[in-house]
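Please look at how the helices pack and how the aromatic rings meet in the structure shown here. The report below takes these two topics in turn.

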Amino acid sequence: MAIKITPDEYKIISKYVNDISGIILRPGKEYLVETRLNTVLEEFGCASYSEFFNRIKMDRTQTIEKKVIDTITTTETYFFRDKSPFELLKHKILPDHIDRQNTLKEGKGNVNIHIWSAASATGQELYSLAIVLKELLFDVSKYDIKLLGTDISNKAIAKASYGSYNKFEVARGLSKERLQKNFNQDESSWKIKDEIRAMTFFRKMNLMDPFIGLGKFHIILFRNVAIYFDQELRRKLYEKIAYALAPDGYLIIGSTESLVNDTSLFVPKKYLNSVFYQLK
Ligand SMILES: C[S@@+](CC[C@H](N)C(=O)[O-])C[C@H]1O[C@@H](n2cnc3c(N)ncnc32)[C@H](O)[C@@H]1O
């Protein structure tokens with residue numbers, strides 16, 4: 001049976017979701033909460049959202065909270081999303097970065113390439129990057145590559161780490177050649193090849209938490225996630241991102257996103273049809 005959320009319950013649940021994830025549930029999105037959370041309420045035998053909220057507060061294991069996060073987040077993503085950022089990476093950012101590192105290292109030691117997909121969802125973004133690196137470098141073992149994907153959703157991280165996708169997912173953004181070259185087909189699913197998967201590392205991380213122990217990255221992808229937060233949180237996040245970015249590093253945001261109203265820590269740069277950002 002459909003469980004309706006009352007206006008007061010909606011206020012409580014949206015504040016709770018905002019507290020744990022930064023995600024804003026604006027007034028008028030009651031249907032979204034109902035469509036996504038009703039199954040969780042049913043699973044935990046709750047007849048109302050008030051009862052559900054009480055259960056959450058009593059749940060020391062945070063099992064329900066994890067379910068709420070998995071359910072409320074929008075993990076929409078696909079391989080080579082928006083195409084142009086990956087062309088930009090392949091033809092401009094990565095060659096420039098490698099040249100600079102070669103000059104710095106004067107031929108001694110491996111070139112470091114540290115990249116972070118800061119809301120990696122189910123992994124397509126980071127695997128697209130790994131594929132680009134493989135195509136560009138041929139022998140990746142000659143480089144010190146660290147490709148980190150993080151996301152708040154346990155479910156998304158588990159899927160990303162496993163690296164297996166169904167026929168609809170691989171049909172979105174992957175050419176036939178890239179699919180054949182980088183995936184093994186297993187009945188109805190395609191699993192990313194071990195050599196690609198070994199380049200990546202996924203772990204759960206809430207962007208609201210301090211970015212401790214991550215180190216510095218040469219490239220940060222922060223795409224299609226800022227839209228879920230309010231301006232104040234976005235401003236704070238860009239400060240933390242600026243700190244996590246190496247001095248000559250690159251920040252890439254979503255094709256429809258802009259930093260104009262949120263931060264002045266970065267300067268936009270253009271290459272063909274793509275925009276990327278570097279520290280001021
Ligand atoms: C629409 S997806 C974007 C995926 C990918 N970056 C892309 O552009 O295709 C947004 C992701 O942000 C994650 N997310 C939302 N709030 C977050 C938070 N506070 N910390 C970390 N990840 C979060 C969601 O779980 C979701 O996987």
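The crossing of helices α5 and α6 is right-handed, in what is a predicted model. Two packed helices are described by the angle between their axes and the distance between the axes. Helix α5 covers residues 84-105 and helix α6 covers residues 124-137, and the two pack at an angle of about 60 degrees with their axes 10 Å apart. Angles from 65 to 115 degrees count as roughly perpendicular and those under 35 degrees as roughly parallel, and the angle found here makes α5 oblique to α6. On the α5 side the contact is made by Phe86, Leu89, Lys90, Leu94, Pro95 and Ile98, while α6 contributes residues including Leu129, Val132, Leu133 and Leu136.

A second packed pair is formed by α1 and helix α4 (residues 63-72), whose axes lie 11 Å apart at an angle of about 95 degrees. These two helices are therefore roughly perpendicular to each other. Tyr16, Val17 and Ile20 of α1 meet Glu65, Val68, Ile69 and Ile72 of α4 in this contact.

Which aromatic residues come together in this structure? A search of the whole structure finds 12 aromatic pairs. In one of them, the rings of Tyr16 and Phe53 have their centres 5.7 Å apart and their planes at 70 degrees, so this pair is edge-to-face. Tyr16 belongs to helix α1 (residues 7-21) and Phe53 to helix α3 (residues 49-58), and the pair thus links distant parts of the chain, 37 residues apart. Both Tyr16 and Phe53 are buried.

Trp116 and Phe211 also form an edge-to-face pair, with 5.2 Å from centre to centre and 90 degrees between the planes. Because Trp116 lies in strand β1 (residues 111-117) and Phe211 in the loop between β6 (200-204) and β7 (217-222), the pair ties together parts that are 95 residues apart in sequence. Trp116 counts as buried at 0% relative accessibility, and Phe211 counts as buried at 13%.

Beyond these pairs, one aromatic cluster is formed by Phe79, Tyr127, Tyr165, Phe183 and Phe202.

Rings can also be partners of charged side chains, as the table shows.

| Charged residue | Ring it lies over | Distance from the ring centre |
|---|---|---|
| Arg178 | Phe80 | 4.0 Å |
| Lys216 | Tyr243 | 4.1 Å |

In each row the charged residue lies over the face of the ring, as Arg178 does with Phe80 and Lys216 does with Tyr243.

Note on methods:
Residues numbered from 1 in each chain as written. Predicted model: local features only at pLDDT ≥ 70, side-chain atom pairs only at ≥ 80, totals over all residues. Heavy atoms only, no water. Phe/Tyr/Trp six-rings, centres within 6.5 Å; stacked < 30°, edge-to-face > 60°. Helix = DSSP H or I, 4+ residues; strand = E, 2+ residues; numbered from the N terminus. Buried < 20%, exposed > 50% of the residue type's maximum accessible area, 1.4 Å probe, protein only. Lys NZ or Arg CZ within 6 Å of the ring centre and 35° of its normal. Axes fitted to C-alpha atoms, helices over the stretch in contact; angles between N-to-C directions. Parallel < 35°, antiparallel > 145°, perpendicular 65-115°, else oblique. Left-handed = near helix turned anticlockwise from the far one by under 90°. Contact = heavy atoms within 4.5 Å.
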